[in-house]
Amino acid sequence: MKRARRTSAVAEVAHPPWPGWWDLLPAAAVIVAQLLVWAAPDVSSALEHVLALGSAGIVGGAAKAVFAVLGMCVAAGAVAVRRTVPVWALGGALTAAFLAVGTGGASVVWPFALVVVLYSLAVHRTAGLAAAGAAVTSVAAAVAVAAAGAAPRTAAGAGLLAAGGAAMVWVLGRSRRRRRADRSALAAYRAGAAAVPRFAAEAERERLTAELHDVAAHRLTGIVVSAAAATRLADPDLAAEATRHAASAARQALAELDRLIEAAGTVSLDDIDALVAEHASVDYLRTATAAPPDVVAAAHRVVREALTNALRYASGARRVTVEGTAATLTVTVTDGGGPPLAPGLGTGHGLAGLRSATRSLGGSFSAGPDGTGWKVHAEFPLTAAPAPGTVRQHRNGGPHDVLSTSPRQRPGRSRAATLVAFLKGPGGWRGPAALDAVLVVLAVALSLGAELPPGDDPDPFSSPLVGAALAALFTVHAFPLWWRRRAPRGALTIVLATLLVWVGLDLAGWPGPPLSDVLLWYWWVELALVYAVAAFPQGGRTWPVPLAVAAVGGAALASGHGITGNRAAAWAALTAALAVPCLASWSLGARTAARRRRQDAITARDRDRLAREVSAAAEAERRRIADGLRRTARRHARAVADEADAGRLDRVLAEAKAGLAALRELLRELRARDDGGDPPPTVDGIAALAARRGAAVRFAGERRPLPPALEVAAYQVARDLLAGGDAITVAFSGRGLTVSGRAPGAPGGAAAERRLRTLTDACGGTLTIADDGVARGWLPEVSSP
């Protein structure tokens, strides 16, 4: 089968060391625009007056022209290298801005260069670096205005306005980065989707291979050993007992093989008791009383394989212990050595499967000499899983679902501590809430930045009390944007209540600016929340919301001092006017919600189709293996039962050995069917990837369908972490998932870490590496804006 092309969903686009011709076009546009402005004296004079920031410049004459040309060239150069070295490009754009201020605004293209470079920094670099660039730009704006001789409040206002603009550019760049990652991921997902049924069949084959090795081989080995002993000793009583055992064990093997083909079974600690009871000479001790089902299944498998190996390679097991504490479950099987009663029965794959199954549960496994015999020791942790819900444990590619719980968040945590934990924790400000946080920053920065410069009459910030009240109104009005996705109706209610409080203050004659004078300056907050109410509906009708917002806005404007005459008529006219943008925002949000529903429906149909294909592929593989079993192991097991019923012990021994040989050949053929194609870039593909690398993977939390971009990103992160270790964990939560494992070390550790940070950052997530070298990549599930 043709391999799916490996596409990096979130890797940065590789750029040449020097800009290409497509990068030089906007740089040339900067130079042409500046030359055109200089060619029009009236335009040049007007722009210089606006962009001089109140400074006459520190150079004049010929030096001014030289500095202006230098600033133009630096700005053009910054735009040219914006994609290859965006950090240096930002430094160049800031330098061009300071040169322009120093010349009294003679160079007028630096704002364009600065916006373009900031946008490129957000698109091509991580969120933290882009945010640092935005912060530096905001501070530089305040410093430049202060250096031009402006008042401190004017400088602070300029810095806030720059911060608002930089924040918006940051979020636009981050959105572009995310869209690029989503498109790349979708292409990788579609390219790899064709391989999903094939790998589902492979997973089913691996599950059945492991179970065949454990179940059928165990029964047939016991028959061979008992029949060989009875035949060698020529004891009639022992021969009769061996014959009865062969008949019973063969029928049990037939029943187990039939159940195996149908589905994976579950076991309990009582099943371990019954398993050991079949070996009468074994000294058995069990102190464990309870354990999670996945741990019990793995422990049962260890005991079964160890008992079988003790018969294959020694004279049988001597002691089995299953001991439990509050933290661990320990399984130990020892034998006393001695020659095997029937040599040559081994397959050579049992211990490797046990080691993988144990490590996948976070446990440890060892097998080696113990005096004259052999000792198998497995220890399983019983601690809670990292996330509540279902733990899906893959053993040799086979999924088994079990329940697991973990402690919830500690009660009594303060709101401040919760906020700090959110900002510092997985995703944080770079995660799904980034856009909402930036909108809050933008609203507060624009509002305060516009009101801070002195000159208004009355000046609201001449009084600390009035200034603090005004800042509080701005903040309370803006902060609900943080909840626009989670609780849009509640957020809008708070915003409208703030407007009504402000109207009340105006009617009471407070000395601050009237709401009618500033409403249109920051009324976009209401429009954003009207959009959110329609885009993220939470039940109920949403069409009355834009009408209510328009009515409140109309009342705020109608209460202004500039309204004369009939205020009721003015309110009706203003409400009708404001209803137009409100309904437009609502319509845009409703279209977004409808598009999301259509996309979800398409995705659900694709998932259902793929699920049917996966089920069909697994069923076909199960039937194929069942046919192989009927021709080999099952036919010989039936023959063993028939020969035992007839009392022909020599034939029993021959058929049991033939059954083991046929089983070994079948297992060899099954293990050789891997065609080496790349696993599909999905969460389920992680298990296939780990199995190929001999690594363990654990899935924790409640599994649910994920967007294709998140599936591919999880696969990419897991692939890189598997290069640094032999075990990873994929933990699901309500907001996304975390992929954790050993961080890649030398050689290439630094490059691998940068790649991992790029992978997680482009998805709006984060990468944290603990002191012990464990890396955790948080990948949030982000809804559309």
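Visitor: What is a salt bridge, and which residue meets Arg607 in one?

Guide: A salt bridge is a side-chain nitrogen of Lys or Arg within 4 Å of a carboxyl oxygen of Asp or Glu. The model shown here is predicted. In it, the N to O distance between the side chains of Arg607 and its partner is 3.9 Å. The residue that meets Arg607 in this salt bridge is Glu711.

Visitor: How many residues apart in sequence are the parts that Arg607 and Glu711 tie together?

Guide: Arg607 lies in helix H20, whereas Glu711 lies in helix H24, which covers residues 708–722. The pair therefore ties together parts of the sequence whose separation is 104 residues.

Visitor: Is Glu711 buried or exposed?

Guide: Buried means under 20% relative accessible area. Its partner Arg607 has a relative accessible area of 21%, so Arg607 is partly exposed. Glu711 has a relative accessibility of 8%, and therefore Glu711 counts as buried.

Visitor: How many salt bridges does a search of the whole structure find?

Guide: One of the salt bridges joins Glu643 and Arg648, with the closest N and O atoms 2.6 Å apart. Others form a network that links Arg174, Arg177 and Asp761. For the whole structure, the search finds a total of 23.

Visitor: In which helix do Arg622 and Glu619 both lie?

Guide: Arg622 and Glu619 form a salt bridge, and their closest N and O atoms are 2.6 Å apart. In sequence they are three residues apart, about one turn of the helix. Arg622 is buried at 16%, whereas Glu619 is partly exposed at 31%. The helix that holds both residues is H20.

Visitor: Which residues gather in a patch of positive charge on the surface?

Guide: One member of this patch is Arg598, which lies in helix H20, residues 567–631. Arg598 has a relative accessible area of 51%, so this residue is exposed. The residues that gather in the patch are Arg591, Arg595, Arg597 and Arg598.

Visitor: What is the area of the nonpolar surface patch that includes Leu129?

Guide: Leu129 is found in helix H6, which covers residues 127–147. With a relative accessible area of 36%, Leu129 is partly exposed. Together with Val85, Val87 and Trp88, Leu129 makes a nonpolar surface patch of about 410 Å².

Visitor: How many aromatic pairs are there, and why is the pair of Phe474 and Tyr522 given its particular class?

Guide: The count comes to six aromatic pairs. Planes over 60 degrees apart count as edge-to-face. The ring centres of Phe474 and Tyr522 are 5.7 Å apart and their planes stand at 90°, so this pair is edge-to-face.

Visitor: How many residues apart are Phe474 and Tyr522?

Guide: Phe474 belongs to helix H15, residues 464–478, and Tyr522 belongs to helix H17, residues 515–522. Both residues are buried. The pair links distant parts of the chain, with a separation of 48 residues.

Visitor: Which residues are linked into a cluster by ring pairs?

Guide: Trp502 and Trp510 have ring centres 6.3 Å apart and planes at 85°, so they too are an edge-to-face pair. Trp502 counts as buried at 0% relative accessibility, and Trp510 counts as buried at 15%. The cluster linked by ring pairs consists of Phe474, Trp502, Trp510 and Tyr522.

Notes:
Residues are numbered from 1 along each chain as its sequence is written. This is a predicted model: local features need pLDDT of at least 70, side-chain atom pairs count only at pLDDT 80 or more; totals for chains, interfaces and linings use all residues. Side-chain values use heavy atoms; hydrogens and water are left out. Patches are made of residues with over 30% relative accessible area and no salt bridge: like charges are joined within 9 Å, nonpolar side chains (Val, Leu, Ile, Met, Phe, Trp, Tyr) within 5 Å. Accessible areas come from the Shrake-Rupley method with a 1.4 Å probe; for residues, only the protein chains shown count as cover. Lys and Arg count as positive and Asp and Glu as negative; His and the chain ends are not counted. The place of a charge is taken as NZ of Lys, CZ of Arg, CG of Asp or CD of Glu. Helices (H or I, at least four residues) and strands (E, at least two) are DSSP runs, numbered from the N terminus. Buried means under 20% relative accessible area, exposed over 50%, partly exposed in between (1.4 Å probe, protein chains only). Rings of Phe, Tyr and Trp (its six-membered ring) pair if their centres lie within 6.5 Å; planes under 30 degrees apart count as stacked, over 60 as edge-to-face and the rest as tilted.
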